[in-house]
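User: Got a model open here and I'd like to talk through it. Can you walk me through the rings first, then the sheet?
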Amino acid sequence: MSGAKEKAASHRVSTSDDVEVSTYLEIAKEMQGVQAAPKPEEIPHGAREAVAIIDFGSQYSHLIARRVRECNVYCELFHYDTPLEKIMSIQPRGFILSGGPASVYEKNAPLTPVGIYESHLPVLGICYGMQLITHQLGGTVAPGARHEYGQAVLHLNDDKSPLFLDLEESLTVWMSHGDEIMEMPTGFRSSASTENSPNAVISDGLKIFGLQFHPEVVHTPQGKQIIRNFLYNVCGCRGTWTPGNFIQESIAAIKGQVGNGKVICALSGGVDSAVAAKLVHAAIGDQLTCIFVNNGLLRREEPERALETFRKNLQMNVVYVDASDLFLDNLKGVIDPEQKRKNIGREFIKVFESEATKLGKIDFLTQGTLYPDVIESATPETKAAAKIKTHHNVGGLPSRMALTLIEPLRYLFKDEVRNVGLELGLPEDMVWRQPFPGPGLAIRIIGEVTRERLDILRGADWIVMNEIKKAKLYRQMWQTFAILTDLRSVGVMGDGRTYGYLVALRAVTSQDAMTADWARLPYNLLATISNRIVNEVAGVNRVVYDITSKPPSTIEWE
Ligand code: XMP
């Protein structure tokens, strides 16, 4: 063994169990005989292009997935403990190793799943991911003399890395790291540097790349192009992940799964269940029956509009149940937010089951579960996180119903669901509808939910929605709504004293509801909304605007 080889061999590519797998030099040698990534024209038409993102716990991992999807390439996130066999089931054309909070030299630091490097597929390591490549393939990582947080200027050298094709020689990038590469693995070279990081971009000149900065965040303005270059120039993807292709694939899969079976779906009026139902309907037509339960907690005119869209415009079978009385009876005297959610969830299951039973034998249940829900419930870190609210109001249908789940949107982000909805021909106002919580207006009424208080809130909410739409701000906002508080205050109307309710306004911008910022609505718009509410909604004499972000607040008040 040569000196270099010995050195590399002494740095084992190890797993959590510390099993020796291979050395980089051996891998690199094998790679000589490996074909380069296929050229776009060599990829069979319709073959799904996918990339696997290995998640080391970075708060930005889901952003990597979003950026990859924005480049029209399918991807999935896998926890770093996932066996390679499972990851390979999506037939990835490359791997992206995310950032993460650990340091690679710590005991029990998370490592790549066994076999990633041996797969000979392209690898892009980001921050921790790059340090891991270095550590596992024979280099050295240690705490840096100077930490680098925030924006930095990246200077490319004349390495001509395919990741930076067509980009300027100096780029603004976003850094967030304390460790740095002291020694690169044998065969690796640096393609770019910043003031504090001489090895800000590394590569083996073949298929393995590392970025010390975060290309997935908006603070790296050319970041998406860098990711795109990896996907297209290194992995050989062409960008076949489009709403049209997704619909075709899903329809075929649903047909195959359902056969002659019968499917039910609970419509909420929201975009997720609407798109899921439409997709299943496109696949199996009248074998699908939707159930729309009016829980008495919906916005003004909501049930009528949803029914009109599904029954008249889309010609779908919809069973409509007005169960308002049952739900409101169940909420009598309840003021605790979690208790409200529990009562509503329990009642929903009862009503849904009773309606479904009337339909005879049913085999499948369709749900509009989205990828963020899947990521959230699959990540151990999140599982351990403190429970703030129970968001999943339908905890599950009774097992005696024995239904198989169909979740066609399970791997989509919200913006992708909207694009699929548009492609399927759902009306724009349904596709662009702001999210609305399952427990509806019940969690926007502080204190007891009564018919009288629901009417007050519906009146205020209607005005907020109208004015926001009139100001053409509806789509820019994640959510805009009114809250009816249990606080009363003194006011004066005409010459008389009033003692009325306080209504709060909430308008937030957000990407995914995990964090949100309060919207800087124009003063004139706030003035119009406030004016209209106190004039048009009996019982309200004061309006306030909520100027807290999430965190520390949440979007909903309950
Ligand atoms: P928070 O209030 O936790 O809300 O910041 C984040 C997002 O979730 C929605 N939300 C719910 N959705 N059932 C739902 O289906 C719930 O119980 C629930 N609580 C909050 C909220 O509207 C926001 O979009």
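Analyst: Sure. To fix terms, rings of Phe, Tyr and Trp (its six-membered ring) pair if their centres lie within 6.5 Å. Keep in mind that this is a predicted model.

User: How many aromatic pairs does a search of the whole structure find?
Analyst: The search turns up 11 aromatic pairs. One of them is F209 with F230, an edge-to-face pair at 6.5 Å centre to centre, with 75° between the planes.

User: Which parts does that F209 and F230 pair tie together?
Analyst: F209 belongs to strand β9 and F230 to helix α6, so the contact links parts that are 21 residues apart in sequence.

User: And are F209 and F230 buried or exposed?
Analyst: Both F209 and F230 are buried.

User: OK, what about F292 and Y320, why is the pair stacked?
Analyst: Their ring centres are 6.0 Å apart and the planes sit at 20°, and planes under 30 degrees apart count as stacked. F292 is in strand β11 (residues 288-294) and Y320 in strand β12 (residues 318-322), so here the parts tied together are 28 residues apart in sequence. F292 is buried at 2% relative accessible area, while Y320 is partly exposed at 31%.

User: Any clusters, or charges over rings?
Analyst: F56, Y80 and Y128 form one aromatic cluster. As for charges, the charged end of K469 sits over the ring of Y474, 4.8 Å from its centre, and R520 lies over the face of W518 at 3.9 Å from the ring centre.

User: Y128 rings a bell. What does S103 touch?
Analyst: Leaving out residues up to four places away in sequence, S103 touches A109, Y128 and D179. S103 is in the loop between β3 and β4, and with a relative accessible area of 11% it is buried.

User: Now the sheet. In what order do the nine strands come?
Analyst: The open sheet runs β2-β1-β3-β4-β9-β8-β7-β5-β6, with mixed pairing. At the edges are β2 (74-79) and β6 (170-183), each pairing on one side only. Neighbouring strands are turned by 20° against each other on average, direction ignored.

User: And which helices pack on it?
Analyst: Helix α3 (residues 61-70) does, touching β1 (50-55), β2, β3 (92-97) and β4 (123-126), and its direction makes about 165° with that of β2. Helix α6 (residues 223-234) also packs on the sheet, with contacts to β1, β3, β4, β6 and β9 (208-211); its direction makes about 180° with that of β9.

User: Last one: how many bridges join β7 to β8?
Analyst: Three bridges join β7 (residues 189-193) to β8 (residues 201-203), and the two strands run antiparallel. A192 stands opposite V201 in β8.

Note on methods. Residues are numbered from 1 along each chain as its sequence is written. This is a predicted model: local features need pLDDT of at least 70, side-chain atom pairs count only at pLDDT 80 or more; totals for chains, interfaces and linings use all residues. Side-chain values use heavy atoms; hydrogens and water are left out. Two strands pair if DSSP finds at least two bridges between them. Helices (H or I, at least four residues) and strands (E, at least two) are DSSP runs, numbered from the N terminus. Axes are lines fitted to C-alpha atoms, for helices over the stretch in contact, and angles run from 0 to 180 degrees between N-to-C directions. Contact means heavy atoms within 4.5 Å. Buried means under 20% relative accessible area, exposed over 50%, partly exposed in between (1.4 Å probe, protein chains only). Rings of Phe, Tyr and Trp (its six-membered ring) pair if their centres lie within 6.5 Å; planes under 30 degrees apart count as stacked, over 60 as edge-to-face and the rest as tilted. A charge sits over a ring if NZ of Lys or CZ of Arg is within 6 Å of the ring centre and within 35 degrees of the ring normal.
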